[in-house]
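Colleague: Please walk me through this one. Keep the answers short, and explain each term as it comes up.

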Amino acid sequence: MAFLKPIVDPEKGIKQDFSTERKSAVFLGEALKTSLRCSICSARLHRVSMHIDHSIDKKFGGLASDENANIVHPYCDSTYKEWKRAQAEASSTPEQVIE
Ligand SMILES: [Zn+2]
């Protein structure tokens, strides 16, 4: 993407002291590599917008244990997960045979 350019200007060269731009670039590079991702859609999560989801739903006996917990987007925890469940149920419904 042409509008995405590095913060650090290579024309300025590398000096002994870290510039503010280089500190920002290093921080953002590391933060993006290690950022949390949604267990459902794999997109990055924002620290103020996440839910803890039951891997095995409570209605199927899922417990509130560490092993049954996933960090997900609020949207994925509700709307998207329900849509995927409906799609799976629709595709597993036997089709009527018309003769
Ligand atoms: Zn998600």
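Colleague: Which residues does Ile52 touch, not counting those up to four places away in sequence?

Modeller: This is a predicted model: local features need pLDDT (the predictor's confidence in each residue, from 0 to 100) of at least 70, side-chain atom pairs count only at pLDDT 80 or more, and totals for chains, interfaces and linings use all residues. Numbering starts from 1 along each chain, as its sequence is written. Two residues are in contact if their C-beta atoms, placed from the backbone, lie within 7 Å. With residues up to four places away left out, Ile52 touches Ala69 and Ile71.

Colleague: What separates the C-alpha atoms of Ile52 and Ala69 in space?

Modeller: Ile52 lies in strand S1, residues 51-54, and Ala69 lies in strand S2, residues 69-72. Strands (E, at least two residues) and helices (H or I, at least four) are DSSP runs, numbered from the N terminus. Ile52 and Ala69 are 17 residues apart along the chain, yet their C-alpha atoms are separated by 6.1 Å.

Colleague: Is Ile52 buried or exposed?

Modeller: Count the other C-beta atoms within 10 Å of its own, all placed from the backbone: 20 or more is buried, 12 or fewer is exposed, and in between is partly exposed. Ile52 has 11, so it is exposed.

Colleague: And which class does Ala69 fall into?

Modeller: Ala69 also sits 9.7 Å from Ser39, C-alpha to C-alpha, though 30 residues separate them in sequence. Ala69 has 15 C-beta neighbours inside 10 Å, so it counts as partly exposed.

Colleague: In what order do the elements of the protein chain run?

Modeller: The protein chain holds 2 helices and 2 strands. From the N terminus on, they run α-β-β-α.

Colleague: What share of the residues in the protein chain is buried?

Modeller: Start with H1, which is hardly covered: among its 14 residues, the count of buried ones is 0. Over the 99 residues of the protein chain, the buried share is 6%.

Colleague: How far apart are the end C-alpha atoms of H2?

Modeller: The expected span of a helix is 1.5 Å times one less than its number of residues. Helix H2, residues 74-92, has 19 residues, so it should span 27 Å. The end C-alpha atoms of H2 agree with that, at 27 Å.

Colleague: Where is the kink in H2 centred?

Modeller: A bend at a residue is the angle between axes fitted to the seven residues ending there and the seven starting there. In H2 there is a kink of about 35°, and its centre is Tyr80.

Colleague: What is the phi of Ser42?

Modeller: Ser42 lies in the loop between H1 and S1. Ser42 is exposed, because 8 other C-beta atoms lie within 10 Å. Ser42 is not a glycine, yet its phi is positive, about 70°.

Colleague: How far is His46 from Ser35 in space, C-alpha to C-alpha?

Modeller: The loop between H1 and S1 also holds His46. With 9 other C-beta atoms within 10 Å, His46 is exposed. His46 and Ser35 are 11 residues apart in sequence, and their distance in space is 8.9 Å.

Colleague: Which element has the highest confidence?

Modeller: The protein chain has a mean pLDDT of 84, and 81% of its residues reach 70 or more. Confidence is lowest in helix H1, residues 20-33, at a mean of 86. At 94, the highest belongs to S2.
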